[in-house]
Every structure is written in C-alpha cells, then in structure tokens.
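The following exercises lead through one protein model step by step. Each task is followed by a worked solution.

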Amino acid sequence: MPRFAVWTVRAALLHLGVGFTLGALILFHKGAPLDPALWRLLPLHVEMLLAGWMAQLAMGVAFWILPRFRGTERGNVRLAALAVVTLNVGVLGVGVGGLAGWDAAVLLGRVAELLAAGMFAAHAWPRVKPVSTSTQ
Ligand code: HEM
C-alpha cells in the first residue's frame with residue numbers, strides 16, 4: 001500500500017472514530033438529556049461519517065488499487081493529494097460551520113467537497129482501464 005493511501009485511510013479512520021463518538025453523544029442525549037446544544041453536533045457527525053469516513057476511505061483505497069501506468073506510476077498524484085486535503089477542509093467547513101451557525105462556512109465547505117470529488121475523479125479517470133500486461 002503506498003504511503004499516500006496509508007495516510008488517507010488513517011485520516012478516514014480518524015473521522016470514523018470522532019464521527020461515531022459524536023453520534024454516541026447525541027444518542028445518549030436522546031435517552032438521557034444532557035444539553036440541548038448537543039444537537040448542534042449533528043452536522044459534524046453526518047459530515048465526518050459520510051464524507052470524512054466513507055468518501056475518504058474510498059479515495060484512499062481507490063488510489064492504492066486502481067490500475068497503474070507502466071506497472072508502477074499512479075498518474076497525477078498531486079491532484080489526488082489536493083483532492084484529499086480539499087475534502088478534509090470541506091468536511092471541517094461544513095461541520096464546524098453547521099456547529100457554529102456560519103452559513104458561509106457551510107457553503108464554502110460544500111464547494112470544497114464538490115471540488116475534491118471533481119479533482120479525485122480527474123485523477124482516477126485515466127486509471128480506470130482494462131489491465132493488460134504491457135500497460136499495467
Ligand atoms: C457510518 C456510520 C454513520 C453514518 C453514515 C451516519 C449518518 C447519519 C446521518 C446522515 C444522520 C442524519 C439523519 C437525519 O438527518 O435524518 C445521522 C443521525 C444520527 N446519528 Fe448517525 N451515522 C452513522 C453512525 C452513527 C453511530 C455509530 C451513532 C451512535 C453511536 C449515530 C448516532 C446518530 C444519532 C443519534 C443521530 C440523530 C438521530 C435523530 O435525528 O434522532 N450514528 N447519522
């Protein structure tokens with residue numbers, strides 16, 4: 001597994017851990033009310049688990065596993081890295097913006113997430129090809 005994929009999957013696992021913890025807090029609050037403000041964690045919970053965990057895990061594994069060029073090269077690695085960084089910025093923007101009630105941060109975060117998806121798709125597109133022994 002290439003180092004870039006290792007860090008991307010680790011980042012996704014961090015989102016999983018924090019996202020589950022936030023969900024557990026909200027769930028606990030539903031059964032034994034602690035503080036109504038805990039509901040403000042919901043957008044961060046949703047964003048961390050849907051985008052930070054699921055999408056980022058898919059990106060890390062796809063970077064690792066998609067066919068390579070000339071046996072070793074993974075194409076535009078910088079674009080993939082930029083996509084992962086932008087995704088994390090987007091998740092934090094939407095999640096923290098939702099928590100604090102900053103609509104502009106939520107909007108910018110969504111734009112960042114969209115850009116991240118586009119950049120990763122642009123990285124992955126040429127790698128989605130039949131594997132042949134000569135061009136693998
Ligand atoms: C990959 C795993 C998960 C994903 C993708 C996920 C996603 C979501 C989404 C999209 C919502 C919003 C639902 C809505 O607005 O109607 C939500 C709500 C919630 N989630 Fe999660 N979740 C996950 C795991 C968990 C876990 C493990 C817990 C608790 C330990 C949890 C606790 C909650 C709670 C308490 C709510 C609020 C439910 C309500 O509106 O009454 N979630 N989650």
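A residue counts as buried if 20 or more other C-beta atoms lie within 10 Å of its own, as exposed if 12 or fewer do, and as partly exposed in between, with C-beta atoms placed from the backbone. The model is predicted, and local features need pLDDT of at least 70, side-chain atom pairs count only at pLDDT 80 or more, and totals for chains, interfaces and linings use all residues. Residues are numbered from 1 along each chain as its sequence is written.

**Exercise 1. Classify Arg70, Trp7, Leu25, Val84 and Met59 by burial.**

Solution.
- Step 1. Arg70 is found in the loop between H2 and H3. Arg70 has 8 C-beta neighbours inside 10 Å and therefore counts as exposed. Its phi is positive, about 50°, although Arg70 is not a glycine.
- Step 2. Trp7 belongs to helix H1. Because Trp7 has 13 other C-beta atoms within 10 Å, it is partly exposed.
- Step 3. Leu25 is also found in helix H1. With 15 other C-beta atoms within 10 Å, Leu25 is partly exposed.
- Step 4. Val84 lies in helix H3. Its 24 C-beta neighbours inside 10 Å are why Val84 counts as buried.
- Step 5. Met59 is placed in helix H2. Met59 has 24 other C-beta atoms within 10 Å and so is buried.

**Exercise 2. Describe the overall architecture of the protein.**

Solution.
- Step 1. Helices (H or I, at least four residues) and strands (E, at least two) are DSSP runs, numbered from the N terminus. On this basis the protein has four helices and zero strands.
- Step 2. Read from the N terminus on, the order of the elements is α-α-α-α.
- Step 3. Along the principal axes, the C-alpha atoms fill a box of roughly 60 × 30 × 20 Å.
- Step 4. Of the 136 residues in the protein, 29% are buried.

**Exercise 3. Determine how H1 lies against H2, and how H3 lies against H4.**

Solution.
- Step 1. Axes are lines fitted to C-alpha atoms, for helices over the stretch in contact, and angles run from 0 to 180 degrees between N-to-C directions. Angles under 35 degrees count as roughly parallel, over 145 as roughly antiparallel, 65 to 115 as roughly perpendicular and the rest as oblique.
- Step 2. The axes of H1 and H2 cross at roughly 160° and come within 8 Å. H1 is therefore roughly antiparallel to H2.
- Step 3. A crossing is left-handed if the near helix is turned anticlockwise from the far one by less than a right angle, and right-handed if clockwise. The crossing of H1 with H2 is left-handed.
- Step 4. For composition, Ala, Val, Leu, Ile, Met, Phe, Trp, Tyr, Cys and Pro count as nonpolar, Asp, Glu, Lys and Arg as charged, and the others, Gly among them, as polar. The contact of H1 with H2 holds 19 nonpolar, eight polar and no charged residues.
- Step 5. Helix H3 (residues 77-100) and helix H4 (residues 103-124) have axes that come within 7 Å and cross at roughly 160°. H3 and H4 are therefore roughly antiparallel to each other.
- Step 6. H3 also passes H4 in a left-handed crossing. The residues of their contact comprise 17 nonpolar, seven polar and three charged.

**Exercise 4. Which residues have the most contacts inside the largest nonpolar core, and which helix gives the most to this core?**

Solution.
- Step 1. A nonpolar core is a set of buried Ala, Val, Leu, Ile, Met, Phe, Trp, Tyr and Cys residues joined through C-beta atoms within 7 Å.
- Step 2. The largest such core has 22 residues, and Met59, Ala83, Leu87, Ala116 and Phe120 have the most contacts inside it.
- Step 3. At least two residues of this core come from each of H1, H2, H3 and H4. H2 gives the most, with seven residues.

**Exercise 5. Characterise the shell around the ligand.**

Solution.
- Step 1. A residue is near a molecule if its C-beta atom, placed from the backbone, lies within 6 Å of it, and strands are treated likewise.
- Step 2. Residues surrounding the ligand include Phe20, Lys30, His45 and Trp53.
- Step 3. Helix H1 (3-31) and helix H2 (42-65) each supply at least two residues of the shell.
- Step 4. The shell consists of nine nonpolar residues, two polar and one charged.

**Exercise 6. State how far Val84 and Met119 are apart in sequence and in space.**

Solution.
- Step 1. Along the sequence, Val84 and Met119 are 35 residues apart.
- Step 2. In space, their C-alpha atoms are 9.0 Å apart.
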